[in-house]
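Let's take a walk through this structure together. Keep the 3D view open as you read, and turn it whenever a new residue comes up.

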Amino acid sequence: MTENNITEDLRNMALELGVDFISITNKSCFEDSDYTGNRPQDVMDNVQSVIILGVSLPRGTFETLPKGRGEYTNTLMAATTTLRLIAFKIAKLIEKEGYMATIAPSEGSEYGYWYANRETLKADLSFKYAAYRAGVGNFGMNHLLITKDFGPKVRMTAILTDAPLDTEEKTELPFINDACSECMKCIEVCPVDALTSEGVIHREKCAEYMFNVLGGLRCGLCVKVCPLSNF
């Protein structure tokens, strides 16, 4: 089977299993000077491709915020579990073809484990940047990926593989979504001023609020107020 057929097969499998979008980027995009996160090459030496899988979140997840943070967090975890199960099946498909694959964690802290670097609060790679390079969406002032179809109301996971898959490089979108320049709702609603109009995010404020003040529950207000979330 050729790499082209592997790519088509795993795309079809992912969509049949329930993802709302799938994108594939080459390892080289993480070597660009504008990328400041951690690189998948530091996890898998011979990585060739990064597969991003995403699902949209139910609108009701956000309607009850901030009172419904327990429900919001539970729904996020359900989406993460769904993606991991799909990613596992895709990883097995890749390995049937003689390549290697492993699943990257979806965020810094889940299910009692801490994945991100405790000092920088950055994960092993940026799913958002990979999806941006593949044309799935671009960034908002809330530092989230604003997808074309679902705004920031999505959950993603990633598969690292040494399979040289067909990749998508569609960076015609501006890095920051055009609508953000006249909005700033996410900055205004943040309860701990973690976001700034200059585009800076204070990750430590966000982490302190969620993991200590909220006891591990997720906040979600910057997602709720985003006008690009209406779908």
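**Aromatic rings, then the whole chain**

A good place to begin is one aromatic cluster, which is formed by Phe 30, Tyr 35, Tyr 129, Tyr 132, Phe 139 and Phe 175. Please keep in mind that you are looking at a predicted model. The structure holds eight aromatic pairs. One of them joins Tyr 129 and Tyr 132, with 6.2 Å from centre to centre and 50° between the planes. How does that pair count: stacked, edge-to-face or tilted? Stacked needs planes under 30 degrees apart and edge-to-face needs over 60, so the Tyr 129 and Tyr 132 pair is tilted.

Where do these two tyrosines sit along the chain? Both belong to helix H4, which covers residues 127-133, and because Tyr 129 and Tyr 132 are three residues apart there, about one helical turn separates them. Are they buried or exposed? Tyr 129 and Tyr 132 are both buried.

Now zoom out to the whole chain. Seven helices and eight strands make up its list of secondary structure elements. The radius of gyration is 17 Å, close to the 17 Å that the globule rule gives for 231 residues, so the chain is as compact as a globular protein of that length. Along the principal axes, the C-alpha trace spans about 50 × 35 × 35 Å. Of the 231 residues, 46% count as buried. If you take the contacts between residues at least 6 apart in sequence, 75% of them join residues at least 24 apart.

The surface is worth a look too. About 11300 Å² is exposed, and carbon and sulfur atoms supply 50% of that area. The chain carries 23 positive and 31 negative charges, and the mean positions of these two sets are 6 Å apart.

Finally, let's visit some backbone details in the loops. Between helix H2 (60-63) and helix H3 (69-96) lies a loop that holds Pro 66. The peptide bond leading from Leu 65 to Pro 66 is cis, with omega near 5°.

Further along, the loop between strand S8 (154-161) and helix H5 (185-189) contains Met 184. This residue is not a glycine, yet the phi of Met 184 is positive, near 70°. With a relative accessibility of 22%, Met 184 counts as partly exposed. Asp 193, in the loop between H5 and helix H6 (203-213), also has a positive phi, near 55°. Is Asp 193 buried or exposed? Its relative accessible area is 52%, so Asp 193 is exposed.

Conventions: Residues are numbered from 1 along each chain as its sequence is written. This is a predicted model: local features need pLDDT of at least 70, side-chain atom pairs count only at pLDDT 80 or more; totals for chains, interfaces and linings use all residues. Side-chain values use heavy atoms; hydrogens and water are left out. Helices (H or I, at least four residues) and strands (E, at least two) are DSSP runs, numbered from the N terminus. The radius of gyration is taken over C-alpha atoms; the globule rule is 2.2 Å times the number of residues to the power 0.38. Buried means under 20% relative accessible area, exposed over 50%, partly exposed in between (1.4 Å probe, protein chains only). Contact means heavy atoms within 4.5 Å. Accessible areas come from the Shrake-Rupley method with a 1.4 Å probe; for residues, only the protein chains shown count as cover. Lys and Arg count as positive and Asp and Glu as negative; His and the chain ends are not counted. The place of a charge is taken as NZ of Lys, CZ of Arg, CG of Asp or CD of Glu. Rings of Phe, Tyr and Trp (its six-membered ring) pair if their centres lie within 6.5 Å; planes under 30 degrees apart count as stacked, over 60 as edge-to-face and the rest as tilted.
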